[in-house]
Amino acid sequence: MVSVVQNVAIDCADAYGLARFWSGVTGRPLHPEDRPGVREAQVLLAEGPVLHFNQVPEAKTIKNRLHLCLRPETSRDQEVDRLLALGATFVGDHRNPDGSGWAILADPEGNEFCVLRSESDRAAMNS
């Protein structure tokens, strides 16, 4: 017997607002019952676990111990620009001159996440 990961739970101040941000990041819909003001909201990913946002009273105070790593369909740098336009903030640059590495961003509530190289970025580097 094994366990299956049902969802990745993210504590936040505004469940619906943060779920809308991540819906824009992933291009995936919110749960059909989610509305402004709900205390829990979900982004229904195409594969894998659901992103589940829990509204909590306390603010985020330290660096995440768990974070999401995104592999974009476009280039990493184009995706960083798109996510910044959606409301992310730039946290750290771990991109290297040879094209390897990643960028660290934060969502509107300060939760860090990484943007990795796309498959096309990786293929171009290996050719």
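Trainee: Which residue in the hairpin of β2 and β3 takes a positive phi?

Mentor: In this predicted model, Gly 48 does, with a phi near 80°. The hairpin has six residues between its strands.

Trainee: What makes β2 and β3 a pair?

Mentor: Strands pair if at least two bridges are found between them. Strand β2 (residues 40–43) and β3 have four bridges, so they qualify, and their sense is antiparallel. Within this pairing, Ala 41 stands opposite Phe 53 of β3.

Trainee: How do you know that β1 also pairs with β3?

Mentor: By the same cut-off of at least two bridges. Six bridges join strand β1 (residues 7–12) to β3, and these two run parallel. One of the partnerships sets Ala 9 against His 52 in β3.

Trainee: Why is β3 called largely enclosed?

Mentor: Because five of the six residues of β3 (residues 50–55) are buried, the rest of the structure largely encloses this strand.

Trainee: Which residues of the largest nonpolar core touch the most other members?

Mentor: They are Trp 22, Val 43, Phe 53, Leu 83, Leu 105 and Phe 113, in a core of 22 residues. At least two core residues come from each of β1, α1 (15–26), β2, β3, α2 (76–86), β6 (101–106) and β7 (112–115). Helix α1 supplies the largest share, seven residues.

Trainee: What does Trp 22 touch, leaving out residues up to four places away in sequence?

Mentor: Trp 22 touches Val 43, Leu 51, Phe 53, Leu 68, Leu 70, Asp 107 and Phe 113.

Trainee: Why is Glu 79 called buried or exposed?

Mentor: Buried means under 20% relative accessible area. Glu 79 has 9% relative accessibility, so this residue counts as buried. Glu 79 lies in helix α2. Apart from neighbours within four places in sequence, its contacts are Val 25, Pro 72, Thr 74 and Val 115.

Trainee: How do you know whether Cys 12 has a bond to another cysteine?

Mentor: The closest cysteine sulfur, in Cys 114, is 20 Å from the sulfur of Cys 12, which is too far for a bond. Cys 12 is also buried, at 3% relative accessibility.

Trainee: Where is the nearest cysteine sulfur to Cys 69?

Mentor: That sulfur belongs to Cys 114 and is 4.3 Å away. A disulfide needs the two sulfur atoms within 2.5 Å, so Cys 69 is in no disulfide. The structure as a whole holds zero disulfides.

Trainee: What makes Cys 69 partly exposed?

Mentor: Its relative accessibility is 45%. Partly exposed lies between the 20% and 50% limits, so Cys 69 falls in that class.

Conventions:
Residues numbered from 1 in each chain as written. Predicted model: local features only at pLDDT ≥ 70, side-chain atom pairs only at ≥ 80, totals over all residues. Heavy atoms only, no water. Buried < 20%, exposed > 50% of the residue type's maximum accessible area, 1.4 Å probe, protein only. Core = buried A, V, L, I, M, F, W, Y, C linked by side-chain atoms within 4.5 Å. Contact = heavy atoms within 4.5 Å.
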